[in-house]
There are 2 protein chains.
Amino acid sequence: MTSTRTSERRASTRHAGLERHEIIDAALAIVTAEGGAALTMRRLAADLGVTTTTIYWHVGNREQLVVAIVERFAEEQSAIPVIGRTPRRRVLHAAMNLWRSARGHRNLTALASAAGATTLLELPLEAALAAELGAAGVHGERARDVVQAVLACIAGFLISEWRPAEQRPEALRPSELWSRVDDPRIDPSTLRALASPADHERLVESTLRAIIDAAVPETHRGTP
Amino acid sequence: MTSTRTSERRASTRHAGLERHEIIDAALAIVTAEGGAALTMRRLAADLGVTTTTIYWHVGNREQLVVAIVERFAEEQSAIPVIGRTPRRRVLHAAMNLWRSARGHRNLTALASAAGATTLLELPLEAALAAELGAAGVHGERARDVVQAVLACIAGFLISEWRPAEQRPEALRPSELWSRVDDPRIDPSTLRALASPADHERLVESTLRAIIDAAVPETHRGTP
DNA sequence: GGTCACTCTTGAACACTGTGCAAGAGTGTT
DNA sequence: AACACTCTTGCACAGTGTTCAAGAGTGACC
């Protein structure tokens, strides 16, 4: 990865050994491969064979760097087709696209979330969801509410995966905590289930479906 | 806040000027007042009139300190009564209790979340939710799924409040981003709505209701 | 060719963060 | 008085983001 920068390229105006987009690319590579915590200014500079000051000159700030990374990634992301026969199913599919995208690029999503840039990252997919909602007859504030509820759910399920139970101290694992609970109000089978992990993939889908079904009217044949 | 520690108290065994619980209390105070980022070892030590090394001797670690804080807070939190006439409503109320609690102590919740200790923080309220689900006839894995879905939703709505749009750079605000979108598939009223903030309180409730209604059977009179 | 202006790069610092180590105070027991 | 044990300290280290004055390198102008 380390390509010690001699005077290879000097482009367009003046002497320019390093260009902004090279920095963004290198940073994006670090994030996707090793997560946002690995993205330090010194590390990034070292990967580019450059001093941190140079990074600052080009990018300004770590926060601005993160935004630039997210922006860059969002640009390159191609649209994901929405499939499904009924409007409801298409809405659900659009929502699941958001989930799959966020989960597929979890490192970047985590970073964007910390920077408050999730909307920037997922705007096209959110727009697709809004569009499907419109096709299903949901508009205005009701559509907005569904979008936000879907986003919240996805975000919530995501962060529950950021620190998987296995790599927490034992005393913090839900399995451990629930196995100690002895509550007469709660059925033993429920306690057992709470102590064991759920099938996330399926759970996300059924949760999103619940949200969507509550807001999107049943398909009635007459709809054009 | 700074009470320079002379040799005031020396309790129980040997000479003990500072006790573990004092540290936890001081740390908890910092977190609730100023957030998890303000909880640095030096700051905490200064508040107690002590060196950081002392903190380490008593607590071991920052991570362990955080866990201790969460544990301490959870112990002191009193049970919240669940009200509602029908089982469904009681389940919803228990879920909303979780939301209100998490939101009420957002700084602590954020810290616990970063440490992967949310379950430790909210276990009693989660148990209450599980109990109400049982009373509504939902047991085992289905109950677990509802609990997890509710938790995910709450977590998601919470993090969307951690960095309110007003204090982000303008280019990241949903209002700004959506106002630039010009998508013919999306109704103008929807676009307008997406650019303006939602009523979170109401949205959380309706989302949780959707999840619960989908999983909890309608109340039928005959239930004992 | 020499000078100027502008763009980019550097090295060295600053103020923070969490953490570890060796040394020492303070107290109870022998 | 001597020892053991608990607690506390000062100092250091490695790492973080960030800034500042200084300097290289290149194009344009005289």
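**Interfaces within and around chain A**

Between domain 1 and domain 2 of chain A, the rule finds 0 salt bridges, a salt bridge being a side-chain nitrogen of Lys or Arg within 4 Å of a carboxyl oxygen of Asp or Glu. The structure is a predicted model, in which local features need pLDDT of at least 70 and side-chain atom pairs count only at pLDDT 80 or more, whereas totals for chains, interfaces and linings use all residues. Residues are numbered from 1 along each chain as its sequence is written, chains are lettered from A and ligands numbered from 1 in the order in which they are written, and side-chain values use heavy atoms, with hydrogens and water left out.

The two domains of chain A span residues 20–76 (domain 1) and 87–215 (domain 2), with bounds that come from an automatic or database domain assignment. Their centres, taken over C-alpha atoms, are separated by 29 Å. In this pairing, 16 residues of domain 1 are in contact with 9 residues of domain 2, where contact means heavy atoms within 4.5 Å. The two domains bury about 990 Å² between them, 84% of it on carbon and sulfur atoms; buried area is the accessible area (1.4 Å probe) that two parts lose on being put together, summed over both. Val66(A), Val70(A) and Phe73(A) supply 45% of the area that domain 1 buries against domain 2, more than any other three residues. The count of residue pairs in polar contact between the domains is 2 (both residues at pLDDT 80 or more). A polar contact is a pair of N or O atoms within 3.5 Å; within protein, one must be able to donate a hydrogen and the other to accept it, and residues adjacent in sequence count only if both atoms are side-chain atoms.

The contact between the two chains takes 56 residues from chain A and 57 residues from chain B. Chain A and chain B bury about 4,500 Å² between them, and 68% of this area lies on carbon and sulfur atoms. Of the area that chain A buries against chain B, 12% is supplied by Arg144(A), Leu172(A) and Trp178(A), more than by any other three residues. There are 4 salt bridges between the chains; one of the pairs joining side chains in this way is Arg163(A) with Glu63(B), at 3.4 Å from N to O. Polar contacts across this interface link 16 residue pairs, with both residues at pLDDT 80 or more.

DNA strand D is surrounded by 20 residues, of which Thr53(A), Tyr56(A), Asn61(A), Trp57(B) and His58(B) come nearest; a residue is near a strand if one of its heavy atoms lies within 4 Å of it. Sugar or phosphate accounts for 54% of the strand D atoms within 4 Å of the protein, and bases for the rest. A polar backbone atom of Met41(A) lies 3.1 Å from a phosphate oxygen of the strand. Bases are also approached: a polar side-chain atom of Arg42(A) is 2.9 Å from a base nitrogen, and a side-chain N or O atom of Thr53(B) is 2.8 Å from a base oxygen.
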